[in-house]
Amino acid sequence: MVEHNQHEVSGSASGQAGFIAGTMQLLTRITCWRPWLTIGIVAVVTTVLSVISIQGLKFKTNRSDLIDPAAPYQQRWLRYTEKFGDDADVVLVVEGRGAADVAPVVQLLGEKLESQPELFERVLYQDQNTELRRKGLQYLKPADLEQAQSLLQMYGPVLSGHWERAGIESYAQRLSEYIQLCTRDNATDDLAAAIAQTQRFSASLGQFLQQPGDFQSPWPEVVSPSAFPQAQANQSNSLLVDGGRMGFVLAIVRDLSGNFSGQSAGLNRLREIVRDVQNSAPAVHIGLTGVPILEADEMAQSQSDMTMSSIVSAVGVAIILLLGLRGFRHPLIAMVMLAVGILWSLAFTYFTVGHLNILSVSFAAILIGMGIDFSVHFISHYVHQRRSGIALKPALVETAGELGLGILTAAITTTLAFLCAMFTDFLGIVELGLIAGGGVLICAVATILVLPPLLAIADKNIDGRTIPTPFAGTPLRLLIRDYPRLVTVGSLLLILAIGSQAFELRNGRVVSRVRYDYNLLNLQGEGLESVELQHRISEATNGSLLYAVSLADSPEQARLMKEKFLELPTVSRVEELASALPPFPAAETNLLVRSIHAQLGQLKPGGEETAPINPAAVGQALERLHTTLKELPEPNAQRAAGILDQVLNGLEQMPLEYQVQLLTGYQQGMKVSLQRQFEMLAEVSQPEPVGPADFPEAVRSRFISDEGDWLLRIYPVQEIWDEAPLRDFVTTLRTVDPEVTGTPVQNLEAAMQIERSYRDAACYAFVAIILILLMNTLSSGVLMFAFTAAAGAAAFAMWLIGERTDPLPVLYVAVVVSLVVALLFDRRGFLEAVLAFLPPMAGMLLLFGILSMLDIDLNPANLIVLPLILGMGVDSGVYVIHNYRTQSGRYEMSSATMNAVVLTSVTSIMGFGSMILAAHRGLVSLGLVLVVGLSCSLFISMVLLPSILSWMTRNRPPQSSPLIVDEADDELPIVPMKPAGPAKIIA
């Protein structure tokens, strides 16, 4: 049991209250002196500020705008986008029964997009490597080129126009002579090749005689198709997958700036094209996906949901105020004040930040739930004053003075909770914290400047005793007053039982059961086509549409990096253009290719001309070839001789005219097939070295920058929307290239930064709120000593840790030292600060326990609850502690405080709870978590905290001249803090 003189420990608080009360009363007298004039000035100022801000405020809808450009991973992304642009591919997906249905639709979509270059660029839907095919010989090995050159030299007379040498008689005669020459010179390899060539010729001729419609070329291939490497300009050029049942068209939409509705001229036109083609091709299904579509769908859905939520929350808040204040006039005044506060906040945003991003655009919804709180407290206390018989303006002045410190403390603590986000690394959270924090403070200012003159006008001729009695919560107040110990113990047991569900013992460590979900697809609305298509593409291709990006300085480096990436277990494939270049240096192949090109350039037509044939001469030539083969011991030679023997026997049995007809047809086929082979070689024999300019623009611009950087796209073996595979994928890639970037890296780093930023914001808010509460509760001497000691300890800690950039450890040291000093020298002030902080802290424990029980994860959308619950929860604690400090004897929460705290909490719950009606799962989770968190804080503020205070003060003697005047069940919630008699506090 420790006794304190309240006069001594409350000096600082009394001084602060006196100054703030006087200031608030002066402002109220000024604004209510000529209320219509005040409202007129407010209306003019609000109109001017609204016009300026609405016309000048910009909107940033790019996700990159949320990230600090100084962050290392963002700098790598910006360097990449500077070279290749920041526009990702829109993917048009065509699904059908097979290639016959899908391919024509893919072609049609691609052509339609290509016809509108002002809206779409880099359209890719078919193999466009014409220039590379014209230089196909450059992909051959030098040895293959030398062999081709040698064969063409043998065909030299034919190339120069002597097509008679490509006939049956001439070919058989030359084969016979060549075999005899190889036998005489003992050229074993050349003999084997000649025998193989003869075998092919014999088989071709024999097959044709049996089936004249089935001609097979007897000529050896100058270049075998197998000699060409399987190099393509882009591995994904085969845009049909899953056996042709799924096809793709890739394109870049030029205008994606759009707005918060998720629409743009390019996307709107794209959807029109898809609808038109879909109507003309009902046998297939056409869908849109890709990062731009996912983001646009998310933006459109969240914007629609936020609009609906704002309307529902505004209507809901108004209804709650109507029920809580039991009237129409005062709720309407509160909503007018809130509208003014929001418009002023919009102007504040324009002058400080200059724009809204996809996070900070939600500030209006936040202020609807939080900005109304101050007016609720003001109106509740004002109504009590009027019902007590005090006149209109004196009641307004008294209310402003008595609530000044409470409103100011609550506004500052909530504002600081938001402003602490400015110390984080995530730019989107920094801007949201500044705008929302400034907006809360502006709403508090609007409460003091706008609400009193509005009440002065509205209630000018109203008898205060006729104003409806607000909600008082009498049964709950009586239960807490009569059974404080039972309520306290029961509440603590409930909190511990539920809160313990948030943790588990794992590997000897206590860890949280509530996990952080990195998967951005889980934030999208269920049934969204772009999301479903992502899953179907992943199943059809056994991969992901997401890819990481690595940059190489040269084609050689790109090929080397590709090999290293493919060795990683998390990588399925790598797309790049370096492998599409010839594998051999031009110095080794160019002269050979030029020689072949020159030889083929001598090609004279004539292969298709029909020349008369002499069956007897042909028979003699074939007979000589047969004899030559029969003399050889090689099995292949004997097999060829056997076929020729059958051919000769067959010809002898045919009529002469039929012989001529058959032999003429076969000889014509020989000449045509040889000419076609020469022409095909000529088509791929362009000698100019292959370079980047030979790749199609739609491909080249994706993989080669104007500065000569070679891009690699690295695809994962599985979907990487979840944290574990995403982290593994990025981590392994960095073992090859620490500078790797791309959407997966951005997703991982941004999600980690959001998590870290909100956590840090909550920590900063914790520190700031503790310090503000100590300033509000400690005596001036102890406060000065505590902050001096804290500053010294912080300086010493900074000296110890050296150049560490994280200031949180230093701030923790300052807070701990401040609390220790407060505990040692001003236990009452320390206890009041701790109890004021009980609602957010115990409420947070309850929240995490309930989230664990309901299996609800934290995610990038709802993680903002950490600083929000701290800032909003402490407000109720501040009002309850201020109410406690105005009383003597056993504490009982006043009806006005009960009404105000319940209404402010319920309106906030309604404001954020309206998001549960959204289709966007991120907004649903945000609304649900905030509803649970605010409800938990409300429970602590209305049940546990009053019961603890009532139990603590069970032996506190009543004041001889009590500060509180009881009327029925109503007590004044807050009066100016003045020195009271001695009090006993349980230590």
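**Exercise 1.** Determine whether Arg477 counts as buried or exposed, and identify the residue with which Arg477 forms a salt bridge.

*Solution.* Arg477 has a relative accessibility of 4% and therefore counts as buried, the limit for that class being under 20%. The structure examined here is a predicted model. In this model, Arg477 forms a salt bridge with Glu892, and the closest N and O atoms are 3.6 Å apart. Arg477 belongs to helix H19 (residues 474-482), while Glu892 lies in the loop between helix H34 (865-885) and helix H35 (895-913); the two are 415 residues apart, and the pair links distant parts of the chain. Glu892 also counts as buried, at 16% relative accessibility. Finally, salt bridges that share partners join Arg477, Arg481, Asp482 and Glu892 into one network.

**Exercise 2.** State how many salt bridges a search of the whole structure finds, and then examine the one between Asp709 and Lys83.

*Solution.* The search of the whole structure finds 24 salt bridges. In the bridge between Asp709 and Lys83, the closest N and O atoms are 3.2 Å apart. This pair, too, links distant parts of the chain: Asp709 is in the loop between helix H27 (697-703) and strand E13 (710-716), Lys83 is in helix H4 (residues 72-84), and 626 residues separate them. The next step is accessibility. Asp709 is buried, with a relative accessible area of 11%, whereas Lys83 is partly exposed, with a value of 31%. The class of Lys83 follows because partly exposed covers the range between the 20% and 50% limits.

**Exercise 3.** Explain why the salt bridge of Asp694 and Lys135 ties together parts that are far along the sequence from each other, giving the separation in residues.

*Solution.* The side chains of Asp694 and Lys135 meet in a salt bridge, at 3.1 Å from N to O. Asp694 lies in the loop between helix H26 (656-683) and H27, and Lys135 in the loop between helix H6 (130-134) and helix H7 (142-154), so the pair ties together parts that are 559 residues apart in sequence. As for accessibility, Asp694 is buried at 10%, and Lys135 counts as buried at 6%.

**Exercise 4.** Locate the bend in helix H16 and decide how far this helix is enclosed.

*Solution.* Helix H16 covers residues 392-419 and bends by about 50° at Leu403. Of its 28 residues, 21 are buried, so H16 is largely enclosed by the rest of the structure.

How values were computed:
Residues numbered from 1 in each chain as written. Predicted model: local features only at pLDDT ≥ 70, side-chain atom pairs only at ≥ 80, totals over all residues. Heavy atoms only, no water. Salt bridge = Lys/Arg side-chain N within 4 Å of Asp/Glu carboxyl O. Helix = DSSP H or I, 4+ residues; strand = E, 2+ residues; numbered from the N terminus. Buried < 20%, exposed > 50% of the residue type's maximum accessible area, 1.4 Å probe, protein only. Bend = angle between axes of the 7 residues up to and from the residue.
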